[in-house]
Structure formats: C-alpha cells, structure tokens
Amino acid sequence: MGVRIALGAQRGDVLGLVLRQGAMLAVGGIVAGTIGALGATRLLKGLVFGVSTTDPLAFGGVIVLLVVVALVASWVPARRAARVDPMNVLRGV
C-alpha cells in the first residue's frame, strides 16, 4: 500500500481498495453461508418446535451483522495502511 501511495495513489483510493476487497470476500462468504444454511434447514426442521427454520428476520439480522463486522475488520487495517509514510516503505523501514 505504501508503494501505491508513493506512486501517486490518494489515501482515499487505498482505503477504498482495501474496503472493496474485504467487502467482496465478505459477500462471497455470506452468499455461500446463506446457501449452506438454507440447505441445512431441511436437516434441522425436525429438531426445532414452534420456530421456523427459515425465519427471514433471523437470516437478515445475521447477514447485516456479518457485513458490518467484515467492513470494520477491513476498515481498521485499511486506515492504518493509508496512513503509512511511503518513504519509510520504500526504504524498507
């Protein structure tokens, strides 16, 4: 990231790049997890009583929570990478 900044990238561009990559990974994982969870509901249907295994509120809440956690987990290192001094990176410090 320091090399990108040294070559002229703005700090906001670096921040956006890292956040985009983190969001794409999160979306892929959430889609795969949702498909797996919906497939597992057939197995769990006999184990729960009085509760729907495909409750849209529960699925939606978990998805929103995972997106927020993934964005925060990407934002913290992205902010740190955007603040690095490019000269220190190029010197290897």
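Helices (H or I, at least four residues) and strands (E, at least two) are DSSP runs, numbered from the N terminus. Leu 71, for one, has its place in helix α3.

This is a predicted model, in which local features need pLDDT of at least 70, side-chain atom pairs count only at pLDDT 80 or more, and totals for chains, interfaces and linings use all residues. Residues are numbered from 1 along each chain as its sequence is written, and side-chain values use heavy atoms, with hydrogens and water left out.

**Exercise 1. Confidence**

Task: State the average pLDDT of the protein chain, and name the helices where confidence is lowest and highest.

Solution.
- Start with the term: pLDDT is the predictor's confidence in each residue, from 0 to 100.
- The protein chain averages 85. A score of at least 70 is reached by 99% of the residues.
- Now go helix by helix. Confidence is lowest in α1, with a mean of 75. It is highest in α2, at 89.

**Exercise 2. Overall form**

Task: Count the helices and strands of the protein chain, then decide whether the chain is spread out or compact.

Solution.
- The protein chain has four helices and zero strands. Its pattern along the sequence is α-α-α-α.
- The radius of gyration of the protein chain is 20 Å, while the globule rule gives 12 Å for 93 residues, so the chain is more spread out than a compact globule. The radius is taken over C-alpha atoms, and the rule is 2.2 Å times the number of residues to the power 0.38.
- Check the principal axes. The C-alpha trace spans about 65 × 20 × 15 Å along them.

**Exercise 3. Helix lengths**

Task: Compare the expected spans of α2 and α3 with the distances between their end C-alpha atoms.

Solution.
- The expected span of a helix is 1.5 Å times one less than its number of residues.
- Helix α2 has 34 residues and should span 50 Å. Its end C-alpha atoms are 47 Å apart, which agrees.
- Helix α3 has 27 residues and should span 39 Å. Its end C-alpha atoms are 38 Å apart, which agrees.

**Exercise 4. Buried residues**

Task: Give the buried share of the protein chain, then list the buried residues of α2 and α3.

Solution.
- Buried means under 20% relative accessible area, exposed over 50%, and partly exposed in between (1.4 Å probe, protein chains only).
- Of the 93 residues of the protein chain, 17% are buried.
- In α2, the buried residues are Val 14, Leu 17, Val 18, Gly 22, Ala 26, Ile 30 and Thr 41. Their cover includes α1 and α3.
- In α3, they are Ala 70, Ser 74, Ala 78, Ala 81 and Ala 82. Their cover includes α1 and α2.
- Keep one rule in mind. An α-helix has 3.6 residues a turn, so residues three or four places apart point the same way.

**Exercise 5. Two threonines**

Task: Locate Thr 53 and Thr 41, and list what each touches beyond four places in sequence.

Solution.
- Contact means heavy atoms within 4.5 Å.
- Thr 53 lies in the loop between α2 (11-44) and α3 (56-82). Its relative accessibility is 19%, so Thr 53 counts as buried.
- Thr 53 touches Thr 41, Leu 44, Lys 45, Val 48 and Phe 59.
- Thr 41 is in helix α2. At 10% relative accessibility, Thr 41 is buried too.
- Thr 41 touches Thr 53, Thr 54 and Phe 59.
- The side chain of Thr 41 also reaches the backbone oxygen of Leu 38, at 2.5 Å.

**Exercise 6. Sequence against space**

Task: Classify Leu 71, Arg 79 and Leu 65 by accessibility, then set sequence separation beside C-alpha distance for one pair each.

Solution.
- Leu 71 has 35% relative accessibility, so it is partly exposed. Leu 71 and Leu 43 are 28 residues apart in sequence and 32 Å apart in space.
- Beyond its neighbours within four places, Leu 71 is in contact with Leu 19 and Ala 23.
- Arg 79 lies in helix α3 and is partly exposed, at 36%. Arg 79 and Arg 11 are 68 residues apart in sequence, yet 8.7 Å apart in space.
- Leu 65 is in helix α3 and is exposed, at 54%. Leu 65 and Gly 92 are 27 residues apart along the chain, with 38 Å between their C-alpha atoms.
- Finish with the whole chain. Among contacts with a separation of 6 or more, 67% join residues 24 or more positions apart.

Key:
Polar contact = N/O pair within 3.5 Å; in protein donor to acceptor, adjacent residues only side chain to side chain.
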